[in-house]
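Here's a quick walk through one protein model, written for someone who likes to check contacts and angles as they read. Load it up and follow along.

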Amino acid sequence: MTSVQAEAAGWVARLEGDTLPADQRAKFDDWIGRSPSHAAAYEDALRTWRDLAAMRSDEHYRALLGQPTLRERMISALHAPRWLAVALSTTAAVAIAWLAFSFDMLPFLYRSTQVATQIAEVRELTLADGSSIVLGAGSQLDFDVTRQTRRASVADGDAFFSVTHDPARPFTVAIGTLRIRVIGTQFEIRRRGDAVTVAVAEGIVEVSRSDASGAPVRLRRGEALTTRRGEDAQVREIEAADIGAWRSGRLVYDNAALRDVVADANRYSRTRIVIGDPQLADLRLTTSFRTSQVDGMVETLQGALPVVVERQPNGDILLQARR
């Protein structure tokens with residue numbers, strides 16, 4: 001803990017615990033205005049103090065500490081005899097500083113940030129470490145970025161990661177039975193049911209199984225790994241410029257199954273496409289289209305595949321086998 005962090009914790013304990021005299025308030029204003037690092041340290045310590053106050057609702061915390069909460073004990077101590085209040089206030093400041101700058105030791109305080117996008121919605125997130133995630137339409141993800149760890153989990157859909165370089169904190173992503181580990185790179189994850197694809201636009205990505213079975217696979221720029229339940233993982237070359245093309249509204253496919261093309265189109269269009277004949281789902285095609293031009297893509301399917309497009313009264317587009 002640095003001296004600035006300790007000073008910040010002390011100011012939080014005094015300001016939150018009681019009303020400061022005017023001369024002390026002036027000293028605080030002078031201290032916090034001296035440097036941006038003072039303001040940042042104060043915000044960290046204040047956030048920790050308020051997290052402590054909120055812990056009453058956490059069953060893990062109640063089991064560990066019981067009632068009353070730690071914050072209530074701190075505040076009540078400020079009304080004790082002056083010598084005791086000073087001593088306990090100092091102890092509280094140290095506790096706050098320790099918590100603020102060693103928060104990874106209290107994992108039950110963490111709440112993953114959960115994000116979900118709607119149909120046709122693409123959202124960019126900037127993380128505390130400077131990394132960014134672009135989430136595709138109809139996708140779900142949660143993430144934690146702390147002073148010690150960087151991790152995320154993709155539940156469904158598409159996510160493009162631009163990870164800042166930090167050898168001390170590898171960025172890990174969980175998706176299905178796969179675990180992805182990176183130091184600093186750009187890569188895409190696509191999940192459709194039990195099928196997962198990892199594609200690398202820049203740098204190196206290490207992909208392994210969560211049960212540690214099999215050797216980890218290292219993917220480099222322009223390589224993609226696809227795995228599906230019950231099948232061996234397949235690594236193939238891919239055009240690096242096409243990885244994450246959906247971020248700019250373009251969907252690109254090279255020998256893809258019709259079911260995958262339709263699943264993606266349904267994420268970007270409110271007109272639902274339904275494959276009426278199951279045997280059509282495995283038909284392969286190579287195509288590219290804008291996410292704003294799904295209707296046009298559907299019409300071209302009749303020329304590229306043995307399918308017939310039927311528009312239903314409810315607005316759905318039905319794909320049937322050509323007889």
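What follows covers a small sheet and its helices, the nonpolar cores, the salt bridges and two unusual backbone angles. Keep in mind throughout that this is a predicted model.

**The sheet and its two helices**

Let's start with an open sheet of three strands, ordered 15-18-17, in which the pairing is mixed. Strand 15 (273–275) and strand 17 (307–311) are the edge strands; each has a single partner strand, so one side of each has no neighbour in the sheet. Going from one strand to the next, the twist averages 25°.

Strand 17 pairs with strand 18 (residues 317–321) in the antiparallel sense, and five bridges hold the count for that pairing. If you want a register check, look at valine 309, which stands opposite leucine 319 in strand 18.

Two helices lie across these strands. Helix 7 (residues 258–268) lies across strand 15 and strand 18, and its direction is at about 160° to strand 15. Helix 8 (residues 294–304) lies across strand 15, strand 17 and strand 18, running at about 140° to strand 17.

Which residues of helix 8 are buried? They are Val294, Met297, Val298 and Leu301. Viewed down the axis of helix 8, these buried residues fall within an arc of 100°, so they line one face of the helix. What they pack against is a fair list: helix 7, strand 15, strand 16 (284–290), strand 17 and strand 18.

**The nonpolar cores**

In soluble globular proteins, nonpolar side chains tend to be buried together. Here, the largest nonpolar core has 30 residues, and those touching the most other members are Leu258, Ile273, Met297, Val298, Leu301 and Leu319. Several elements each supply at least two residues of this core: strand 9 (195–202), strand 14 (250–257), helix 7, strand 16, helix 8, strand 17 and strand 18. Helix 7 gives the most, with five residues.

Leucine 301 is a handy one to click on. Leaving out residues up to four places away in sequence, leucine 301 touches Leu258, Leu285, Val307 and Leu319. There is also a second, separate core of 27 residues, with Phe143, Phe171, Ile189 and Val207 among its members.

**Salt bridges**

Side chains of opposite charge can pair when their charged atoms come close. Searching the whole structure turns up 17 salt bridges. Three of them are set out here.

| Acidic residue | Basic residue | Closest N to O |
|---|---|---|
| Aspartate 166 | Arginine 169 | 2.9 Å |
| Aspartate 264 | Arginine 192 | 2.4 Å |
| Aspartate 282 | Arginine 259 | 2.2 Å |

Take the aspartate 166 and arginine 169 pair. Are its partners buried or exposed? With buried meaning under 20% relative accessible area, aspartate 166 counts as buried at 18%, and arginine 169 is buried too, at 17%.

Arginine 192 and aspartate 264 are both buried as well. That pair links distant parts of the chain, with arginine 192 in strand 8 (residues 186–192) and aspartate 264 in helix 7, 72 residues apart. The two also belong to a network of salt bridges that links Asp158, Arg190, Arg192 and Asp264.

Helix 7 turns up again in the third pair. Aspartate 282 sits in the loop between strand 15 and strand 16, while arginine 259 is in helix 7, so to speak 23 residues apart along the chain. Here the burial picture is of another kind: aspartate 282 is partly exposed at 49% relative accessibility, and arginine 259 is partly exposed at 30%.

**Two backbone angles to look at**

Most residues other than glycine have a negative phi, and most peptide bonds are trans. Where does alanine 120 lie? Its place is in the loop between strand 1 (113–116) and strand 2 (123–126). Alanine 120 has a positive phi of about 70° although it is not a glycine, and it is partly exposed, with a relative accessible area of 46%.

Asparagine 255 also has a positive phi, near 55°, and is a residue other than glycine. Asparagine 255 lies in strand 14 and is partly exposed, with 43% relative accessible area.

Methods:
Residues numbered from 1 in each chain as written. Predicted model: local features only at pLDDT ≥ 70, side-chain atom pairs only at ≥ 80, totals over all residues. Heavy atoms only, no water. Pairing = 2+ DSSP bridges. Helix = DSSP H or I, 4+ residues; strand = E, 2+ residues; numbered from the N terminus. Axes fitted to C-alpha atoms, helices over the stretch in contact; angles between N-to-C directions. Contact = heavy atoms within 4.5 Å. Buried < 20%, exposed > 50% of the residue type's maximum accessible area, 1.4 Å probe, protein only. Arc of directions from axis to C-beta. Core = buried A, V, L, I, M, F, W, Y, C linked by side-chain atoms within 4.5 Å. Salt bridge = Lys/Arg side-chain N within 4 Å of Asp/Glu carboxyl O.
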